[in-house]
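Me: I would like a close look at a single part of this protein. Please take me through one strand and its partners, and then show me how that part sits in the whole.

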Amino acid sequence: MKTFKQSLLTACLFLGAAQTAMASCLPEKIYLTRHAEKLIEKGNRDPDLSAKGQARAKRIAEMFENIKVDHLLATPYKRTQQTLMPLGKAKKLEITEYDPRKGREFVEQLKNDYCKQTLVVSGHSNTVPNMLQALGIMFEVKVGGYTFKHQPSIILSEEEFGQLFAVSFNQGKPVLEVLSSNG
């Protein structure tokens, strides 16, 4: 009976450790970008990319030439899809759609479902900053002998394009690097 109890205890400890290891397996890196420049067409809520936006989309693809990418994710809008199309073509990857209205749920899905994978996500000026916050990005500001930690207050205006936010994880904590696709 003692051997059975020891075996049962060992099995429970093993399962608990396995579940903890699986829960802490985060993506290798998550790249977040706002869609490239869109055509301005009065009354069109789903415009294509402009020529400038298409050029930026190609630059983004070039930025990933020597970087492993496992998944591309974009909202259902043409501009986010078209921003990732050159990269999808280069890497032979399909673009998976996500619902931009479910930002926090989507971020949890990214953290839980893409263990050790590299993701590129195309969003919008109002969704990318929210995703960075949901990922737990913090800024440290040192003043005198004090250190203040703050959630980012990133605001992307309607005229602002080119930032590529790369989030990796160090011992489960998010680390932010900001890149530029301004060429």
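Reply: Here is a walk through strand 7, followed by the wider setting.

First, some ground rules. This is a predicted model, in which local features need pLDDT of at least 70, side-chain atom pairs count only at pLDDT 80 or more, and totals for chains, interfaces and linings use all residues. Residues are numbered from 1 along each chain as its sequence is written, and side-chain values use heavy atoms, with hydrogens and water left out.

Start with the overall layout. The protein has five helices and eight strands. Both are DSSP runs, numbered from the N terminus: helices are H or I with at least four residues, and strands are E with at least two. Read from the N terminus, the order is α-β-α-β-α-β-α-β-α-β-β-β-β.

Now strand 7 itself. Strand 7 covers residues 163-170, and strand 8 covers residues 173-180. The two pair in the antiparallel sense, over eight bridges. Strands count as paired if DSSP finds at least two bridges between them. Along this pairing, F165 faces V178 of strand 8. Further on, F169 is opposite P174, also in strand 8. The two strands make a hairpin, with two residues between them. In that turn, Q171 has a positive phi of about 55 degrees.

Strand 7 also pairs with strand 1. Five bridges join them, and the two run antiparallel. Here K29 stands opposite S168 of strand 7.

How enclosed is strand 7? Six of its eight residues are buried, so strand 7 is largely enclosed by the rest of the structure. Buried means under 20% relative accessible area, exposed means over 50%, and partly exposed lies in between (1.4 Å probe, protein chains only). Across the protein, 37% of the 183 residues count as buried.

Next, follow strand 1 to a disulfide. A disulfide is a pair of cysteine sulfur atoms within 2.5 Å. The whole structure holds one. The bond joins C25 to C115, with an S to S distance of 1.5 Å. C25 sits in the loop between helix 1 (2-23) and strand 1 (29-34), and C115 in the loop between helix 4 (103-113) and strand 4 (118-123), so the pair ties together parts that are 90 residues apart in sequence. The link of C25 and C115 is right-handed, with 60 degrees about the S-S bond. C25 is buried, at a relative accessible area of 13%. C115 is partly exposed, at 33%.

Links across the sequence show up in the contacts too. Contact means heavy atoms within 4.5 Å. Among contacts with a separation of 6 or more, 65% come from residues 24 or more positions apart.

Last, go back to strand 8 and a pocket. A pocket is an open set of points on a 1 Å grid over the protein atoms alone, where a 1.4 Å probe fits, with protein on both sides within 12 Å along at least five of seven lines; lining residues have an atom within 4 Å of a point. The second largest pocket is lined by G136, I137, M138, E140, K149, K173 and P174. P174 is the residue of strand 8 that stands opposite F169.
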